[in-house]
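Student: I should like a close look at a single part of this protein: one domain, the strands within it and the side it presents to a neighbouring domain. Please take me through it in one connected account.

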Amino acid sequence: MQRLLIFLFVVVPYLGAMGQELTCKQFETLHKHQKSSLFKSSAGESIDITHVTLHLDVDPSQNDLTAKAVITFKAMTATSIVTLDLADNLHIDSLLYNGTSTVFNHQFDVLTITLPQPLTANERGRIQVNYSGDPTNNPYRSYDRSKGRVEDTTGVIWTLSQPYGAHQWWPCKDGLTDKVDSLDMYITIPLGMKAAGIGSLEQVEPIGTKQTYHWKHRYPITTYLVAFAVTNYDEFTDWVRFPSGDSLPILNYIFPEYIPFGRDPARETVRIMQLFDSLFGAYPFIDEKYGHAQFLRGGGMEHQTMSFMVDWNFGLVAHELGHQWFGDMITCGSWQDLWLNEGFATYLTLLSYDILLSHDDWIANNLHSRTRAMQYRTGSVFVQAADTLDENRLFSSQFTYHKGAQILHMLRWTVGDSAFFAGLRSYLGDQNLRYGFARSHDLKEHIERSSGNDLSDFFDDWLYGEGYPSITATWHQSGDKLVVRLQQDTLAPSVDHYSVPVEILVKNQDTKAYFRLETESNDTTFTLPINWLADSLFIDPNYWILSRNYVIHDNQPAGDLQLYPNPTLNDLTIVNGNTPIQQISVYTVDGKLFREISVNRATNVFTMNTSEWIAGMYFVSVQSENDVRTGRIIHLNP
Ligand SMILES: [Zn+2]
C-alpha cells in the first residue's frame, strides 16, 4: 500500500474527493475497535480454505450489498465447529453446510457454525453464507463508496481490506496464516458500469437491467488482497512482451474524465514490468493479467493482479507493481514483518528511478528516502507485537517504508550486487515461501546462503535495533600512506556498533580513489596505500549507508570553501578547507538571513538538509575562528 503524502499536485481534478483521507480522530476510533474486539480472533484455525466463490450484488448509488459466499475447505484436525470472521453489522439471511441449513451463531464479528457431523482430519466441507447489509459503515473503511466524483456524479465502490478489514464485507479467515488457493468473484452491477476484480475476466453476462462480471483467479491469495471496484470506468489495455516469449495484458480501468491524465503514464507499466521480470523472475501471475483500477483513496493498494490507484504516476505504478512479487506472491507472515512488503516496494521504486529514468531521479529520490529513514533515532523497523494494532505505526513511512528500503540498500552494499540479487531470486523461488508467507529470518537465510556471510549482526542492528550511527573520519596523509581513523557514535542505546562497511572517497583535483572499510568496533584506524597527494576525504559518497558524517583533516593545508552539489536538491555539503566551522549563515538572494546554524563539533565538513528550501539562489556564509567565507548556490525543487 502506498498512502498519498506528497503528490497531491498530480491529481488536481480529484482534490475534492480526496478530503476523504482518514483523520486522526478516525484513526483513534479504529485503534479502539481493533484493540477491543477482533484482533486476536483465531477464526478458521481448524480449517484450510481451498476455494472461495463470492457473489456480490452491488450498485454504486447505494451502500447496501447482497452477497453469497461459498467457502470450500479441508479440516486440518478433527472438528465439529468451524469459525469464520464476519462483521456483526452484516445480516446472515441463511447458512448452508454441504447444501443443508445448519445451526450457527454470529456475534463479536465471529461466525460459529456447528457441523451436523464432526469432520475428521483432511475431510472436506462447504459452507454457503447468504448475507446482506451496509458494509460501508465499518471503522476500517475497507468497503467504501463515494457518491460521485468532481466531474462526474456516478458513484464509485471499492474495497481496501489491508490490514484488518476483509471480514467487514466477506466471511473469511482474516489473518496471515492461510491463503485461499483459488477464487471466483461474480459481481452483479447495473448496465453501463464495469467491475474491476482479481484474476482473469471470464465473462460479462447481461441479466435484464444488470450484468454479472465473472473474475476467475487460480493462484493462492491472502485474504486482504481480495478486492473489487465498480463505477462507469473507461478501459484500455497495454501489452508486455517478455524475452521468454510470454506476453501479458495490462488492463486499466480508469475514470473517463481522467483519460487525458492517465493514458500516457500508464504505458510506463510495461517497461517497469520488464525490469522486474529481468531482476526477480517472471511476473507471479503470468497466466492471468496485471491491471490498475482507479479509486478515490489517496495513494494505491497492491490488490493481487489489479492494483487500485488514485492516479498513474511513475513512482506509484512501480511501488504497487513491485508488491506483486513482494507482498502478494510472498506475503509478510506477521504484521511485525510488514517491511518485507513495504520496504521492498519502496526499494523497487528507487531501483526503477535509477535504471529506467535517470541518475538524478535516483539521487533525488534516494536522498528523500534517506532523510525520512533518519527522521527518528529510536524505534525499530521490525514492529513490536503490541504495535501491530496501531495502523499509524504499521504503515509508518519512516520505518516500514523508507528505513525498510534503506536496509535493503545497505544489505546490497554489504553482500554485493550479485549475492544480493541471487539471494532475492532464491527467496522468491523458495517452495516453502512462494505463494505463501515469509518472516524476516527467511529473507536473512536466503541472503546468507547466497553471500556466505553471517548476517545476524546486520539484522540485529538495522532491523531489530534502532537508530543509525554518526561517523567521524579523522585523517591525514603521511608520504604514501593515508591514515584514517573511523569513529562511530551510536545514536540509539539499543545498538552498540552498527554492522556495515563504510566507503570513503579520497581525492584531489585530478585523481580519486575509493576504499571500503570494514569496522568491528567503534574506533578503528586504517593505514591505506596512496601514491598521490590527497586534499579531501568524503564518507559514503555514494549514499550506501544511513549515517550522519563528519570529517576532520588533521594536518591539511588551508583550502577553499567548497559547496556541493551545486545546484543542490536535498542536501548541501559544506567543506571549509581545513578550518573548523563555527557558524553557517544562509542568505536569500535579496540579502535576508534565511538560516543560521551553530556547529558544535570540531569539523570542517557539514551537511545540511535543504529539501524544504524553495528553489532559488542562496548565499552561504561560513564563519570560522579567524575568518568568514561566502559562496553561492542554486537550489532546485526536488
Ligand atoms: Zn506498498
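Tutor: The model is a predicted one, and the protein chain is divided into domain 1 (8-329), domain 2 (341-464), domain 3 (468-556) and domain 4 (558-638). Domain 3 is the part considered here, together with the side that touches domain 4.

Let us begin with strand pairing. Strand E23 (residues 469-478) and strand E24 (residues 481-490) run antiparallel and are joined by 10 bridges. Within this pairing, Ser-470 has Asp-489 of E24 as its bridge partner. E23 and E24 form a hairpin with 2 residues between the strands, and there Gly-479 adopts a positive phi near 60°.

E23 is also paired with E29. In this case the strands run parallel, and 6 bridges join them. Thr-474, for example, has Ile-552 of E29 as its bridge partner. E23 is thus joined to E24 by 10 bridges and to E29 by 6.

E29 leads on to the neighbouring domain. The C-alpha centres of domain 3 and domain 4 are 22 Å apart, and contact between the two domains involves 8 residues of domain 3 and 9 residues of domain 4. On the domain 3 side, strand E29 (residues 548-553) gives the most, contributing 5 residues. By class, that side of domain 3 comprises 3 nonpolar, 4 polar and 1 charged residues. Strand E29 therefore has two roles in this description: E29 pairs with E23 in parallel, and E29 gives the most residues to the side of domain 3 that touches domain 4.

Definitions and conventions:
Residues numbered from 1 in each chain as written. Predicted model: local features only at pLDDT ≥ 70, side-chain atom pairs only at ≥ 80, totals over all residues. Domains from an automatic or database assignment. Contact = placed C-beta atoms within 7 Å. Helix = DSSP H or I, 4+ residues; strand = E, 2+ residues; numbered from the N terminus. Nonpolar A, V, L, I, M, F, W, Y, C, P; charged D, E, K, R; others polar. Pairing = 2+ DSSP bridges.
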